[in-house]
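Reader: I am new to this structure. Please take me closely through a single part of it, step by step.

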Amino acid sequence: MAPSSSPSLPADRRPLVISGPSGVGKGTLYKMLFDRHPETFALSVSHTTRAPRPGEADAVDYHFVPMAAFEDLIARDGFVEHAKFGGNRYGTSKMTIEEQGRKGRVVVLDIEMEGVKQIKQSTISARYVFVAPPSTAALEARLRGRGTETEASIQKRLDQAVNELEYAKTPGVHDITIVNDDLETAYKALEDFVYKPLE
Ligand SMILES: Nc1ncnc2c1ncn2[C@@H]1O[C@H](COP(=O)(O)OP(=O)(O)OP(=O)(O)O)[C@@H](O)[C@H]1O
């Protein structure tokens, strides 16, 4: 097992694609990985056409770009995945993944189901982690407990969770499914997967 406080690169350096329903605890889990293995991982910063929210910084939270620039990048095949939500575009650029990989870190992508499908069709070789809730009731409780969503947004996320969970049943889509019930147990499963020796 890798020591918990020094840089410790996994044997398998491919990007990690982490997906799962909103509120399941993806962010909580990969932040633990970043905290316990400093200077080892880099979260992929997405591009978006939406305006920054107060406190958000360009190139940290997102690469904020105008619609024309985003569409130009699509035309030049610059994205590994992109999607449109509520009139705004979001995507992960190939350059972002390459730049972060060049820094010698393992790139972590936090993306939703449509993005996962697109990356699987791309030339990017990645590892796929699905985080599942112990139950729909627990997922709902987490979304409410986080206190970041309106009632309408909670409902939308729960509806989408049904699709995400259905897709995740497709054989071979993910390399591992982690049920995030007890947080430390789920974290251990993630860390063991990330650090397992090359096959
Ligand atoms: N194992 C767990 N048990 C109980 N609560 C948890 C657990 N894991 C995470 N949570 C809590 O659930 C809430 C949602 O977690 P988090 O924000 O990490 O989800 P997410 O999957 O990253 O969501 P989104 O896709 O919307 O960003 C947070 O309040 C977090 O503290």
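Author: Asp77 sits in the loop between H2 and E5. Its phi is positive, about 60 degrees, although Asp77 is not a glycine. Keep in mind that this is a predicted model. The loop is a good way into the sheet beside it.

Start with strand E5. It covers residues 79-85 and pairs with strand E6, residues 88-93. The pairing is antiparallel and runs over six bridges. One pair to find is His82, whose bridge partner in E6 is Gly91. Two residues lie between the strands of this hairpin. Gly86 takes a positive phi there, near 50 degrees.

Now widen the view. E5 and E6 belong to an open sheet of four strands. The order is E4-E3-E6-E5, and the pairing is mixed. E4 (63-64) and E5 stand at the edges. Each has a single partner strand, so one side of each is left without a neighbour in the sheet.

The parallel part of the pairing is easy to place. Strand E3, residues 47-48, pairs with E4 in the parallel sense, over two bridges. Thr48 stands opposite Phe64 in E4. Helix H2, residues 67-75, packs on this sheet. It touches E3, E5 and E6, and its direction makes about 45 degrees with that of E6.

Another turn of the backbone comes between E3 and E4. Ala59 lies in that loop. Like Asp77, it is not a glycine, yet Ala59 has a positive phi, of about 75 degrees. Ala59 is partly exposed, at a relative accessible area of 43%.

Go back to E6 and look at two of its residues. Take Arg89 to begin with. Arg89 is in strand E6. Its relative accessibility is 15%, so Arg89 counts as buried. The side chain of Arg89 makes a polar contact with the side chain of Glu71, at 3.3 Å. Not counting residues up to four places away in sequence, Arg89 touches a list of residues that includes His47, Thr48, Phe70, Ile74 and His82.

Ser93 is the other residue. Ser93 also lies in E6. At 3% relative accessibility, Ser93 counts as buried. Its side chain and that of Thr96 are joined by a polar contact of 2.7 Å. Neighbours within four places in sequence aside, Ser93 is in contact with His47, Leu73, Gly78 and Phe79. His47 thus appears in the contacts of Arg89 and in those of Ser93.

Next comes helix H3, residues 94-102. H3 lies across E3, E4, E5 and E6, running at about 40 degrees to E6. H3 also packs on another sheet, where it touches E2 and E7. Its direction makes about 145 degrees with that of E7.

Follow H3 to that other sheet. It is open, with five strands in the order E2-E7-E1-E8-E9, and the pairing is parallel. E2 (41-43) and E9 (176-179) stand at its edges. Each has a single partner strand, so one side of each is left without a neighbour in the sheet. The twist averages 25 degrees from one strand to the next. Four bridges join E8 to E9, which run parallel. Ala132 stands opposite Val179 in E9.

One more helix ties back to E5. Helix H4, residues 113-121, has Met113, Gly115, Val116 and Ile119 as its buried residues. Seen down the axis of H4, they fall within an arc of 155 degrees, so they line one face of the helix. They pack against E5, and also against strands E1 (16-19), E7 (106-110) and E8 (127-132) and helix H6 (151-168). At the start of H4, a side-chain oxygen of Glu112 reaches to within 3.1 Å of the backbone nitrogen of Glu114.

That brings the path from Asp77 to a close. Asp77 lies in the loop between H2 and E5. H2 packs on the sheet of four strands. H3 lies across E3, E4, E5 and E6 and touches E2 and E7 in the other sheet. The buried residues of H4 pack against E5, among other elements.

Notes:
Residues numbered from 1 in each chain as written. Predicted model: local features only at pLDDT ≥ 70, side-chain atom pairs only at ≥ 80, totals over all residues. Heavy atoms only, no water. Pairing = 2+ DSSP bridges. Contact = heavy atoms within 4.5 Å. Axes fitted to C-alpha atoms, helices over the stretch in contact; angles between N-to-C directions. Buried < 20%, exposed > 50% of the residue type's maximum accessible area, 1.4 Å probe, protein only. Arc of directions from axis to C-beta. Polar contact = N/O pair within 3.5 Å; in protein donor to acceptor, adjacent residues only side chain to side chain.
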